Structure formats: structure tokens, C-alpha cells
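Colleague: I am new to this structure and should like to learn how its features are read. May we begin with the packing of helices?

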Amino acid sequence: MPDNSMPIIIVEDVHKSYLMGKEAVPALRGVSLEIRPGEFVCLMGPSGSGKTTLLNIIGGLDEAGRGHVIVDNENLVAMSEDKLATLRLRKMGFIFQSYNLLANFTAQENVESPMVLAKIGRKERRERARKLLEKVGLGDRTHHYPSELSGGQQQRVAIARALANNPAILIADEMTGDLDSETGFAIMELATQLNQDGMTIIYVTHDPRMAEFGKRLILLRDGKIVDE
């Protein structure tokens with residue numbers, strides 16, 4: 001059982017800027033927060049508030065310009081790219097608005113792909129992928145390609161893929177943004193079940209209705225946390 005008294009994620013005075021031409025535009029201005037195991041955290045804020053940047057830095061997909069990011073006692077700032085890739089593969093699952101499925105892979109093959117990188121044997125990864133697709137309600141779509149699936153079904157495949165290596169942390173950026181309301185609610189109910197099973201979830205949304213699923217809301221504006 002995880003120790004819920006100790007943070008699984010620590011963000012300490014993180015700054016980040018991007019170059020726009022010759023000008024450095026700040027995206028984060030000294031953000032600090034802690035997230036404990038099993039939390040269900042929603043990041044909200046207007047466009048340009050820094051929420052996706054913060055999510056990407058927590059997930060090791062982007063680098064902080066200044067400050068520290070600790071994930072499961074590992075300092076991301078001090079890690080090599082190889083070690084960072086291993087940490088993402090073993091401890092994090094990612095869900096994106098655009099699904100990011102491999103078009104020439106079936107649903108089953110898409111879910112298996114992270115397990116191939118983790119060097120899990122063929123028999124085990126096939127069985128695990130099948131069970132995960134059943135878990136997200138797609139047990140009858142294992143051999144379908146993304147082009148043969150609806151948007152909601154593609155996002156369910158993406159969720160199953162994110163769970164492939166049994167990550168401690170699920171990171172989701174606008175995972176319901178391209179979906180109709182009914183499908184979006186179904187996806188968030190699935191995320192709620194995963195959280196109830198003990199998974200730490202951090203997600204970004206623009207939709208106040210989807211934000212209500214989170215148990216903790218963090219509001220960003222102009223690169224700073226302004227309310228929680």
C-alpha cells in the first residue's frame with residue numbers, strides 16, 4: 001500500500017519561459033504544489049495560464065527552467081533523458097486530447113506498445129492488453145483499427161494503453177476535449193473508478209462540468225496558482 005502521508009509529486013518554485021522570436025515569454029512563474037498518492041487533481045485556467053506546461057513538466061515531457069520537480073522520490077531535474085524515459089514508462093500513464101493512437105495498429109496492438117518498450121513477454125502483454133480493453137468496455141473491439149472506432153472508443157483505447165504498465169500516476173491533458181458531453185462524462189466516470197482503485201490522477205480541462213469529477217481543483221492564471 002502507498003504511504004498517503006508522503007507526497008508522490010512535489011513541485012517547488014518552478015519557472016518556465018518559451019522563446020517567441022527574441023522575447024522570452026513566461027509560462028510558469030514560481031509554481032509550488034504537492035500531490036499525495038491517490039489524489040484526483042484537476043488543473044484549470046484560461047488559455048495561456050500555464051496548466052498544460054505544468055502538466056508536461058510533472059510528466060517529464062518538458063523541462064523546468066528553474067526549480068525542482070520530485071516524482072516518487074526522483075528528482076526529474078537531475079535525471080538523464082534515458083532515466084527520465086524509464087521513469088515515464090514505468091510509473092506514468094499519459095492520455096492526450098488527440099488520442100495519439102498508432103493508425104496502423106489495432107486496438108490490442110496499441111495497448112501492447114508500451115509493454116513492448118518495457119520488454120514484457122508476448123503472452124503476458126497480449127493477456128494484459130485484452131483485460132485492459134475489457135476494463136474500458138472494448139473487449140469486442142480488440143482487432144479494430146483506430147479508423148474503425150468512434151472518438152470515445154479511441155479515447156478508451158488510449159486510456160487502456162496508458163494503464164498498460166500499471167503506472168502509479170495518470171496524467172491527462174484535455175482527455176474529453178474532442179468528445180461529446182455524454183461520451184466525456186463516461187470517460188470521466190472511468191477515470192473516477194481508476195482513482196477509487198488507488199491511482200493518482202492529474203488532469204487538465206477547460207470544462208467546469210468535467211472539473212467537478214476531481215476531488216481537488218487548482219486554478220492557474222498567468223503562470224501562477226491563484227486558487228485551490
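Colleague: How are helix 3 and helix 4 oriented to each other?

Modeller: A preliminary remark: this is a predicted model, in which local features need pLDDT of at least 70, side-chain atom pairs count only at pLDDT 80 or more, and totals for chains, interfaces and linings use all residues. Residues are numbered from 1 along each chain as its sequence is written, and side-chain values use heavy atoms, with hydrogens and water left out.

In general, two packed helices are described by the angle between their axes and the distance between the axes. Axes are lines fitted to C-alpha atoms, for helices over the stretch in contact, and angles run from 0 to 180 degrees between N-to-C directions. Helices (H or I, at least four residues) and strands (E, at least two) are DSSP runs, numbered from the N terminus. Here, helix 3 (residues 107-117) and helix 4 (residues 122-135) have axes that come within 9 Å and cross at roughly 125°. The two are therefore oblique to each other; angles under 35 degrees count as roughly parallel, over 145 as roughly antiparallel, 65 to 115 as roughly perpendicular and the rest as oblique.

Colleague: What classes of residue form the contact of helix 3 with helix 4?

Modeller: Contact means heavy atoms within 4.5 Å. On the helix 3 side, the residues include Val-111 and Met-115, and on the helix 4 side, Ala-129 and Leu-133 are among them. By class, the contact has seven nonpolar, one polar and five charged residues. Ala, Val, Leu, Ile, Met, Phe, Trp, Tyr, Cys and Pro count as nonpolar, Asp, Glu, Lys and Arg as charged, and the others, Gly among them, as polar.

Colleague: At what angle do the axes of helix 3 and helix 5 cross?

Modeller: Their axes cross at roughly 30° and come within 8 Å. That makes helix 3 roughly parallel to helix 5. Ala-107, Asn-110, Val-111, Ser-113 and Pro-114 of helix 3 meet Val-157, Ala-160 and Arg-161 of helix 5. These residues divide into five nonpolar, two polar and one charged.

Colleague: Is Met-44 buried or exposed?

Modeller: Buried means under 20% relative accessible area, exposed over 50%, and partly exposed in between (1.4 Å probe, protein chains only). Met-44, found in strand 3, has a relative accessible area of 14% and is therefore buried.

Colleague: Which residue 176 places along the chain from Met-44 has its C-alpha atom 6.2 Å away?

Modeller: That residue is Leu-220. Met-44 also touches residues including Lys-51, His-206 and Leu-217.

Technical notes: Lists of a residue's contacts leave out its neighbours within four places in sequence.
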